[in-house]
Amino acid sequence: LYVDATLGLGGHTKSILNYTNYQSRIIGLDVDEEAITIAGNNLSKYKSNVVFRNSNFSEIDRVLLDLEIGEVDGIVADLGMSSFQLDSSGRGFSLRRDEQLDMRMDARLRFTAFDLINEMSVDEISKVLKVYGEERWSRRIAKRIVYTRSDKPIKTSAELANLVFEAIPKKFHPVRIHPATKTFQAFRIAVNHELDNIEEFIGKAIPFLKIGGRLVIISFHSLEDRLIKNLFNNLSSPCICPPDLPMCGCGKKSELNILTRSPLIPSEAEIANNPRARSAKMRVGEKL
């Protein structure tokens, strides 16, 4: 029994079913209702093996309790954007398309990227870009956004991408990626509360794993990977007392055995076959 906590189009679920010779059951979660529909079609021949739930992965505890499931053999979460969201959702996730600035993975969320971009102050935008995008030109971009919207609202992904392209001095443009990549990442994280959800998810997932069960998480940028690494380290540590204490007083026990001290990364062949995998990092922990 497994949980695919970020179902997407069903690729990981299909791989698990294949690897287990279709003898496994999988609970598939996705916050994107359209993705659930597409995954349902993609996995229609395996419908007796899969239970679909339109829920954020941070709600894994509620979903499993509702299904009266106490423990599972493994949980996987792929934090990357699905091909559907980038190429076909029409929500402004891709900076190479001219789409409305929405960026919500869950249509039930109140605020869109359009709201943040057109309502936040220079200081607020700069903070979002610096914290969630690690963008060195955060204030310069923020000022350009506020100046541009004073004439008319910034409505589309192409408008935002072009604005950032012009705001960053050309000699500082990155070689391999679009200059607006970090800006799009930052607004997407802010709109969807992604880092908070990761922390909540990991804390809720561990209690539902059987002893020896695996938690597998794939991330795509340094903020996510750093957070996951720190959370895994905390869960694997037998003591969190200050180092100057003569003896342990916290009573903490290790909950996780980290199986990937360094994250697993895709091979050159995989990157050649799927360029979007180039920044993927996978960390795996085993329940103690």
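The following dialogue examines how the helices and strands of a predicted model are described.

Modeller: This is a predicted model, in which local features need pLDDT of at least 70 and side-chain atom pairs count only at pLDDT 80 or more, while totals for chains, interfaces and linings use all residues. Residues are numbered from 1 along each chain as its sequence is written, and side-chain values use heavy atoms, with hydrogens and water left out.

Biologist: Why are helix 8 and helix 9 called oblique to each other?

Modeller: The axes of helix 8 (residues 157–167) and helix 9 (residues 181–192) cross at roughly 130° and come within 9 Å. Helices (H or I, at least four residues) and strands (E, at least two) are DSSP runs, numbered from the N terminus. Axes are lines fitted to C-alpha atoms, for helices over the stretch in contact, and angles run from 0 to 180 degrees between N-to-C directions. Angles under 35 degrees count as roughly parallel, over 145 as roughly antiparallel, 65 to 115 as roughly perpendicular and the rest as oblique. Helix 8 and helix 9 are therefore oblique.

Biologist: Which residues make the contact between helix 8 and helix 9?

Modeller: Helix 8 contributes S157, L160, A161 and V164, and helix 9 contributes T183, F184 and F187; contact means heavy atoms within 4.5 Å. By class, this contact has 5 nonpolar, 2 polar and no charged residues. Here Ala, Val, Leu, Ile, Met, Phe, Trp, Tyr, Cys and Pro count as nonpolar, Asp, Glu, Lys and Arg as charged, and the others, Gly among them, as polar.

Biologist: How do you know that the span of helix 9 agrees with its 12 residues?

Modeller: The expected span is 1.5 Å times one less than the number of residues. For helix 9 that gives 16 Å, and the end C-alpha atoms are 17 Å apart, which agrees. Helix 11 has 15 residues and reaches 21 Å from its first C-alpha to its last, close to the expected 21 Å.

Biologist: What makes helix 9 mostly covered?

Modeller: Of its 12 residues, 10 are buried, where buried means under 20% relative accessible area, exposed over 50% and partly exposed in between (1.4 Å probe, protein chains only). The buried residues of helix 9 include F184, F187 and R188. Their cover includes helix 5 (113–119), helix 6 (122–133), helix 7 (138–149), helix 8, helix 10 (194–205) and helix 11 (222–236). Just after helix 9, H193 takes a positive phi of about 55°.

Biologist: Why are strand 3 and strand 6 said to stand at the edges?

Modeller: The open sheet of 7 strands has the order 3-2-1-4-5-7-6, with mixed pairing. Strand 3 (50–53) and strand 6 each have a single partner strand, so one side of each is left without a neighbour in the sheet. Neighbouring strands are turned by 20° against each other on average, direction ignored.

Biologist: What makes the pairing of this sheet mixed?

Modeller: Two strands pair if DSSP finds at least two bridges between them. Strand 1 (residues 2–4) runs parallel to strand 4 (residues 72–78), joined by 3 bridges, with Y2 opposite G74 and D4 opposite V76. Strand 4 and strand 5 are also parallel, over 6 bridges, and D78 has I218 of strand 5 as a bridge partner. Strand 5 (residues 209–219) and strand 7 (residues 281–287), in contrast, run antiparallel with 6 bridges, and R214 stands opposite E286. Strand 6 (residues 256–258) and strand 7 are antiparallel over 3 bridges, with I258 opposite G285.

Biologist: Why is strand 4 called largely enclosed?

Modeller: Of its 7 residues, 6 are buried, so strand 4 is largely enclosed by the rest of the structure. Helix 10 lies across strand 4 and strand 5, running at about 165° to strand 5. Helix 11 packs on the sheet as well, touching strand 5, strand 6 and strand 7, and its direction makes about 15° with that of strand 7.

Biologist: Is N234 of helix 11 buried, partly exposed or exposed?

Modeller: N234 has a relative accessible area of 39% and is therefore partly exposed. Leaving aside neighbours within four places in sequence, N234 is in contact with I240 and K252.

Biologist: Is A272 buried or exposed?

Modeller: A272 lies in helix 12 (residues 268–273). Its relative accessible area is 63%, so A272 is exposed.
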